[in-house]
Each structure stands twice: as structure tokens, then as C-alpha cells.
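Q: I am new to this structure. Please pick one part for a close look, then show me how the rest of the chain is laid out around that part.

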Amino acid sequence: MKTLKILKYTFTAIGAAMLFGAFASYNSTSAFIDRATETSGIVTELVYSRSSDSTSYYPVVAFQDASGREIVFQSRAGSNPPSFRRGERVSVLYEPSAPENAQINSFFSLWGMSLIVGGLGLVFALVGGGMVLFGVLKGRSKAYLEQHGTEVLANFASVEQNTSLTVNGRNPFRIVCQWQHPQTGELHVFRSDNLWFDPSDHIQQETVPVLVDESNLKRYWVNTSFLPKLAG
């Protein structure tokens, strides 16, 4: 399904971009700390900010730079409940050449952006990358079975919906078939890859070809090439 293909590459690209952004933010903060001068400041007010789904309080801090000039800045890191209170004395880091770009010397104020962006990027990258990796491994397994596998004819059992996967509100279908090992007598159940249409009306035969790895019967591929190709 094209939507699923687009999603996995989109998630991977977004994750990679966010991880790069987090790394850039980390390097920028590290360089800032190396150049910065530390002093003391006072929280003069808390700026209330509300978005569509959250509220935050951003501390405004006043301090004096090395020349005695008073500098007032608003922290880029907000929280709810507030991390600071009015009148609280805080440690401040600033660059003498640009004191207006000062930051509160606290872990979240300095590294919060890197952590949030990096955490989200990691989630996107793991989801998208995992989907891409799964597809690659699935393709390699199919290629191996086509070259080294043994074909058996399994009895068609049913068509089921894979409710563990939902894309655009839809669940794919899978062909379920069964095969009894002639030597051991054990019954093996095989499921096809996901199909984005109901194949029930297109299954006329009683058996379905399945390629199996005789040394590991959990490794198999249900051949659905007899089905019509889905347009688009």
C-alpha cells in the first residue's frame, strides 16, 4: 500500500532531521557554555503562554553584565507548574558580546530543547527505520526461499483481517492456510503477507503454494501471485 510506504520513509526522514537538529542544538549549547560568563540574576515575572493543548510559564530574569548594565531576558524554556518563582535568585550564563542572549544556568533551560527534539526524533527514527528494516529483511527472506526453499501445497483455510495493523482506518487481509508435515504429522499454519483488498472472491483453488525452509518451518512465504494485482 502506497500510504504505508510513504509513512515509513516520511517517519524516517523526520526522525533523522530531528536528530540532526538535536545534535546541532547540543553543539550550540556546548559552545555557548564554553564562551559564557556566569553571574547572578533575579526572576522578575513569569510570562503565561497558552497553546491549543498546553500552558507554560516562562521566567523573565534581570541581571547586570560585567559593565554594570542591566539586562532583562525571557527564558526560552517554559514549564507548568513554573520551575521558578518571582523574586527567586538564579544563576545566569551570558556571552559578554551578546548579554541579551543569556540563559538560566539550569539543566532544563540549557539542554531541554536538545532532549525534547532528540527524544521525538529517536521515536520517529525507530518507527520509520524499523519499518524500513522489516521490509528489507522480509525481502531478503523471500529471495532466500525462492532460491533455497521447498514448495508445499497448503490447504486454504480462511481469509482474516490483520487487526494489529491499521492504516487510514483500514486493516489489511491475510490468507490463512494449513499444511500437515508428512513425516512428523504436525500441523503448520501459514499466513500470507498483508493484502490491501479482500482476496476471498479470487481464491478458487483448495490449496495455496507455500515456500518453506525445511530446517526451520517458521520461515516461510505464502505465494499469492495467483491473485490479481491491486491497481494504483
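A: Start with a pair of strands. Strand β7 (residues 173-180) and β8 run antiparallel and are joined by five bridges. The model is predicted. Keep that in mind throughout.

Look at single residues across this pair. V176 has R191 of β8 as its bridge partner. C177 stands opposite F190, again in β8. The two strands form a hairpin with six residues between them. In that hairpin, G185 takes a positive phi near 80°.

Next, the faces of β8. H188 and F190 make up its covered face. L187, V189 and R191 make up the uncovered one. So R191, the bridge partner of V176, is on the uncovered face. F190, which C177 stands opposite, is on the covered face. The accessibility of F190 fits this picture: F190 has a relative accessible area of 1%, so it counts as buried, the cut-off being under 20%.

Now step back to the sheet. β7 and β8 belong to an open sheet of five strands, with antiparallel pairing. The order is β8-β7-β6-β9-β10. In general, strands of a sheet pair through backbone hydrogen bonds, either parallel or antiparallel. Here β8 and β10 are the edge strands, and each pairs on one side only. From one strand to the next, the twist averages 45°.

What leads into β7? The loop between β6 (150-161) and β7 holds N168. N168 has a positive phi of about 55°, although it is not a glycine. Most residues other than glycine have a negative phi, and most peptide bonds are trans. N168 is exposed, because its relative accessible area of 61% is over the 50% cut-off.

Then the aromatic rings. Seven aromatic pairs turn up in a search of the whole structure. One of them is formed by F11 and F124. Their rings are 5.1 Å apart, centre to centre, with 45° between the planes, and the pair is tilted. This pair links distant parts of the chain. F11 is in helix α1 (residues 2-35) and F124 is in helix α2 (residues 107-148), 113 residues apart. F11 is partly exposed, at 27% relative accessibility. F124 is partly exposed too, at 24%.

A second ring pair brings us back to β8. The rings of F190 and Y220 have centres 4.7 Å apart, and because their planes are at 55°, the pair is tilted. Again distant parts of the chain are linked: F190 is in strand β8 (residues 187-191), Y220 is in strand β10 (residues 216-222), and their positions lie 30 residues apart in the numbering. These are the edge strands of the sheet. F190 is buried, whereas Y220 is partly exposed, at 24% relative accessibility.

Elsewhere, ring pairs link F63, F73 and Y94 into a cluster. A charge also meets a ring: the charged end of R219 sits over the ring of Y144, 4.2 Å from its centre. Y144 falls within helix α2 (residues 107-148), and R219 within strand β10 (residues 216-222).

Now the whole chain. The domain assignment gives domain 1 (1-116) and domain 2 (149-222). Their centres, taken over C-alpha atoms, are 53 Å apart. The hairpin strands β7 (residues 173-180) and β8 (residues 187-191) both fall within domain 2 (149-222).

The UniProt record adds names. An unreviewed entry places the feature "transmembrane region" at residues 7-26 and 115-137. In this model, residues 7-26 are 100% helix and 0% strand, and their end C-alpha atoms lie 28 Å apart. Residues 115-137 are also 100% helix and 0% strand, with end C-alpha atoms 31 Å apart. F11 and F124, the tilted ring pair, have one position in each of these two spans.

The unreviewed entry also places "domain: DUF3592" at residues 39-108. That stretch is 3% helix and 59% strand, and its end C-alpha atoms are 18 Å apart. The stretch includes P81, in the loop between β3 (70-74) and β4 (89-95). The peptide bond from N80 to P81 is cis, with omega near 10°.

Technical notes: Residues are numbered from 1 along each chain as its sequence is written. This is a predicted model: local features need pLDDT of at least 70, side-chain atom pairs count only at pLDDT 80 or more; totals for chains, interfaces and linings use all residues. Side-chain values use heavy atoms; hydrogens and water are left out. UniProt positions are given in the numbering used here, feature names are shortened, and annotations may be inferred rather than shown by experiment. Helices (H or I, at least four residues) and strands (E, at least two) are DSSP runs, numbered from the N terminus. Rings of Phe, Tyr and Trp (its six-membered ring) pair if their centres lie within 6.5 Å; planes under 30 degrees apart count as stacked, over 60 as edge-to-face and the rest as tilted. Buried means under 20% relative accessible area, exposed over 50%, partly exposed in between (1.4 Å probe, protein chains only). A charge sits over a ring if NZ of Lys or CZ of Arg is within 6 Å of the ring centre and within 35 degrees of the ring normal. Domain bounds come from an automatic or database domain assignment. Two strands pair if DSSP finds at least two bridges between them. Axes are lines fitted to C-alpha atoms, for helices over the stretch in contact, and angles run from 0 to 180 degrees between N-to-C directions.
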